[in-house]
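Me: I am new to this structure. Please take me closely through one part of it, the sheet and what packs on it.

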Amino acid sequence: MRRGRSARFGAALVALLLLVGAGALRAELRAGAAKRPITPDLEGHAPVFLAGFGLNRRATGIHDDLWARCLALEAGGGRLVICGVDSIGLFYEDVEKIRAAARSQLTGPADLVVASSHNHEAPDTMGLWGPKLGVSGISEAYNAFVVERTAEAAAEAVGSLRPATIRLARFHSPELDRFIHDNRPPVVHDSELVILSAAGRDGRPIATLVNWANHPEALGSKNTLVTADYPAHLYTRLEELLGGVAVFVNGAVGGMQSPLGAKVIDPATGAEAPDGTFRKAELIGRRVAELAAQALGPARPVAIERVEYHEKLISIPVTNVRFLKAAEAGVFRGRKVMDPQAVTTTPVGWIRLSRGQRPVLEIALVPGELYPELSVGGIERYPGADFPEAPLEPPIKKLMRAPYRMLFGLANDEIGYIIPKAEWDENEPWLQNSPRRWYGEVNSVGPEAAPRIVAALQELLGKR
Ligand SMILES: [Zn+2]
């Protein structure tokens with residue numbers, strides 16, 4: 001009988017330990033991070049065309065490194081890696097190569113998000129900024145190098161996963177708005193800083209991810225030195241202040257969110273920092289890092305029991321003749337193959353970190369440059385619009401429910417501008433009876449991009 005009781009007690013203890021063990025396995029958050037330079041070798045990857053402005057802008061030197069920076073998170077059986085890459089944009093085809101290469105280095109499954117910073121002072125990984133019209137600017141050797149290095153950083157981030165706590169913060173101020181110039185109505189910015197910081201259970205920092213929205217193009221169109229632009233300073237300052245790996249993911253940068261034309265005062269001189277200077281990039285990057293660190297100051301650790309990732313491939317009709325001709329001429333080098341009906345396939349995604357049934361952080365993943373009014377609201381009906389009756393898309397950040405909401409632009413693909421259909425304007429008269437055509441449509445696949453992407457996100461969010 002004694003024996004029986006102790007056996008029963010032993011069995012109960014084992015069951016209890018199993019339960020606790022399973023609970024810990026399910027609930028314990030782990031985090032890891034890693035970074036790799038993806039700076040081009042100007043000889044090995046030659047010729048290196050800089051992307052984002054005009055054709056034939058050849059790189060003449062390196063000012064600072066470009067990076068692939070990854071944060072891995074694991075909880076509740078979900079394992080996710082978020083990589084921010086200093087690139088003008090990576091097409092879905094290259095993202096799939098990164099995913100395959102990373103998975104070949106991992107044991108067990110992991111979801112991988114690759115978001116380009118949209119850097120305008122980095123090599124042309126899309127092909128649109130080559131030596132002349134119709135000739136690709138892609139260096140296959142460089143794209144392959146970005147794939148290899150980003151996959152390595154992702155795998156290393158997963159390999160370094162350890163028990164962790166995270167803190168979240170959000171911050172908004174007029175100063176952040178002043179770093180952004182918008183040259184098309186409506187003047188809307190999605191300039192909120194949303195920050196996730198992960199530290200080990202021992203308190204040692206792992207990584208800080210900053211989500212903010214502005215074109216990394218403070219250096220402008222004349223610069224020929226490779227640089228990460230303002231994110232370069234965001235990385236170094238944030239790592240100085242907080243330690244760990246700084247990761248930057250851009251947000252709704254369309255329509256058009258730029259440091260060019262923004263009035264940024266240099267505290268050292270009291271004068272405005274000119275466009276196209278390294279100083280302007282430094283002032284913005286450092287300040288955003290300092291505001292992010294400040295916002296994190298009072299933040300307490302939050303419990304996360306589950307990390308979820310959802311992705312859906314959607315089709316969007318391509319009506320942009322420039323893009324169709326580029327595809328036909330082989331500018332994308334086998335990427336972005338359009339089907340005979342000129343439809344492109346692109347991914348839309350959604351990340352949720354939650355505790356029990358409560359979402360704590362949600363992230364919408366958008367495959368291009370979203371007009372900010374599609375993120376935070378404020379679409380306008382102007383006279384001159386091509387689709388005056390088009391329904392207004394609901395703002396994406398308002399579709400989410402968690403107290404912290406991020407939006408990743410250029411996530412897993414870059415299809416160009418995503419313009420509210422009601423603001424689409426390819427034909428005269430121009431919006432607001434402007435005497436000239438507004439800039440935007442020329443870099444968009446077409447008027448169906450916004451409605452289809454928002455509908456896909458609504459569908460993903462409906463699954464909760
Ligand atoms: Zn852009």
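Reply:

**The open sheet**

Four strands form an open sheet in the order β14-β15-β16-β18, and the pairing is mixed. Strands here are DSSP runs of E with at least two residues, helices are runs of H or I with at least four, and both are numbered from the N terminus. Two strands pair if DSSP finds at least two bridges between them. This is a predicted model: local features need pLDDT of at least 70, side-chain atom pairs count only at pLDDT 80 or more, and totals for chains, interfaces and linings use all residues. Residues are numbered from 1 along each chain as its sequence is written.

Start at the edges. β14 (306-317) and β18 (404-408) are the edge strands, and each pairs on one side only. From one strand to the next, the twist averages 15°. Angles run from 0 to 180 degrees between N-to-C directions, and axes are lines fitted to C-alpha atoms, for helices over the stretch in contact.

Now look at one pair. Strand β15 covers residues 343-355. β14 and β15 run antiparallel, joined over twelve bridges. One place to find this pairing is R306, whose bridge partner in β15 is S354. In general, strands of a sheet pair through backbone hydrogen bonds, either parallel or antiparallel.

Then add the helix. α10 (residues 449-462) packs on the sheet. This helix touches β14, β15 and β16 (358-365). Contact means that the C-beta atoms of two residues, placed from the backbone, lie within 7 Å. The direction of α10 makes about 150° with that of β14.
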